[in-house]
Structure formats: C-alpha cells, structure tokens
Amino acid sequence: LMPAGVIAQERGRGRGSEHEEEDVAPPEDLMREHGVLKRVLFVYEEAIRRIDAKQDLSLDAVRNSAGIIRTFIEDYHEKLEEDYLFPRFEKARRLTELTQVLRAQHLAGRRVTEQITRLATAQTLKDQRAAATLRDAMHQFVRMYGPHEAREDTVLFPALRTIVSKQEFGALGEEFEKKEHTLFGDDGFESDPLFRRGGRE
C-alpha cells in the first residue's frame, strides 16, 4: 500500500520552493487537496482487494489513511467547504440542492471513517464477519466520495467565481492558507505526523 509520505509529497508539489509559495486560487487549492483524498481511496481499494483475495494485509496503512481522512479531509478541508463555500452558494441561491447533498455526505462520511478506524485492527482480520464489515465500510466510503469530489471539482468549485467578487475571491485564498498553517504549522499539513507514517506493503 502507498506510504503516507508519498501522499504528502504529492499534495506539496507545485507550491513553490521552501521559502516561496505560489499564489493558488481557492478552487485549485481545494482540488489539490482532493488529490490527498484520491490517494486514500486508492489505499482503501487495495485493502478491499486484499480482503476479498484473502491476501496478507497490514491494517496500519488503513488506520493511518483513516487518520488522514479525519485530520485533513474532515476536520480541515470539509470545514472550509462548510464554513466558507456552502453558505455563500446558499446565500446566492445557487446550487443549493447540491450543497445539501454534500453536507449530508460529509456527515455520513464521518460516521464511516469512525467505523473504519474502530475496525482497523489486527484482530479484525481474524474474524471473518468483522473483516467483511471493514471491507463494506471502505467500499461505502469509496463509492460515496468518488462522485462527491467529482461533483465538487466539476460543478461547485468552478462556480465560486460567479458568486463572489474578485476581492472576496482573493481573500478566501489567503484565509484558506492561514487556516492550514494554524492547524498544521508553517509547512502546512505535510508536517503532521500522520503524513509521515506508513510503509509500502
């Protein structure tokens, strides 16, 4: 399975040197963060395949991936969407049905992540029923979040420019960067220990 360090390296590409960061528009920044989510979905898909094939599987990678989902996607990325994007679309009465669906999926995803975290132990693989429950939870997450991120990338994020002023658009980018540094330090989320754990199986 993919080491978490590779996930962090991929997210950090294109942001400039260690001392200089390029300006990234809010939609592009959120799309890059979806790259982290995609990587975790790949980990889950491989874990599902190994469970189905009854192959060896160390659940450390699954547990660490669920930790990345909780720390970075749910507690940071989704919070940005819920606090800064969805309300603006709802105030403008644009794509409101979509934002309602996305909010509901965030809540459902958090419940599934909690289940995956609880089941990602070596003991689970010794119990056929528990292993099947873990497999189904990961499958549910992958099935929901693939379309979820696609609809955000192709519908919601591109429409942001149409509902905010140029000044507000720029301020959002600065706010997103500030939030990331507040939560994860000067190097952003790449400095979080979760992104430096894991190993290739």
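**Figure 1. Overall fold of the predicted model, an all-helix arrangement with 6 helices and 0 strands.** Helices (H or I, at least four residues) and strands (E, at least two) are DSSP runs numbered from the N terminus, and in this protein the elements run α-α-α-α-α-α from that end. Because this is a predicted model, local features need pLDDT of at least 70 and side-chain atom pairs count only at pLDDT 80 or more, whereas totals for chains, interfaces and linings use all residues. Residues are numbered from 1 along each chain as its sequence is written, and side-chain values use heavy atoms, with hydrogens and water left out.

**Figure 2. Burial, contacts and surface of the protein.** Of the 201 residues, 47% are buried, where buried means under 20% relative accessible area, exposed means over 50%, and partly exposed lies in between (1.4 Å probe, protein chains only). Among contacts (heavy atoms within 4.5 Å) with a separation of 6 or more, 78% are between residues 24 or more positions apart. The accessible surface, computed by the Shrake-Rupley method with a 1.4 Å probe, comes to about 10600 Å², and carbon and sulfur atoms account for 48% of that area.

**Figure 3. Lining of the second largest cavity, which holds about 30 Å³ of space.** A search of the whole structure finds 2 cavities of 30 Å³ or more; a cavity is a set of points, on a 1 Å grid over the protein atoms alone, where a 1.4 Å probe fits but cannot get out, and lining residues have an atom within 4 Å of a point. Grid points are joined across faces, edges and corners, and the volume is the space filled by probe spheres set on the points. The lining of the second largest cavity consists of His-34, Leu-37, Ile-73, His-77, Glu-78, Glu-81, His-106, Tyr-145, His-148 and Glu-152. Helix H2 (26-52), helix H3 (60-91) and helix H5 (128-159) each supply at least two of these residues, and the largest share, 4 residues, comes from H3. By class, this lining has 3 nonpolar, 4 polar and 3 charged residues, with Ala, Val, Leu, Ile, Met, Phe, Trp, Tyr, Cys and Pro counted as nonpolar, Asp, Glu, Lys and Arg as charged, and the others, Gly among them, as polar.

**Figure 4. Salt bridges between helix H3 and helix H4.** The whole structure contains 14 salt bridges, each defined as a side-chain nitrogen of Lys or Arg within 4 Å of a carboxyl oxygen of Asp or Glu. In one of them, Glu-82 pairs with Arg-110, the closest N and O atoms being 2.9 Å apart; Glu-82 lies in helix H3 and Arg-110 in helix H4 (residues 96-119), so that distant parts of the chain, 28 residues apart, are linked. Glu-82 counts as buried at 14% relative accessibility, while Arg-110 is partly exposed at 22%. A salt bridge also joins the side chains of Glu-90 and Arg-103 (3.1 Å, N to O), and because Glu-90 lies in helix H3 and Arg-103 in helix H4, this pair ties together parts that are 13 residues apart in sequence. Glu-90 is partly exposed, with a relative accessible area of 28%, and Arg-103 likewise counts as partly exposed at 28%.

**Figure 5. A salt bridge between Arg-135 and Asp-136, and a network around Glu-46.** The side chains of Arg-135 and Asp-136 meet at 3.5 Å, N to O; Arg-135 is partly exposed at 22% relative accessibility, and Asp-136 is partly exposed at 43%. Elsewhere, Glu-46, Arg-49 and Arg-50 are linked in a network of salt bridges.

Conventions: 1 Å grid on protein atoms, 1.4 Å probe; cavity = no way out; pocket = protein on both sides within 12 Å on 5 of 7 lines; lining within 4 Å.
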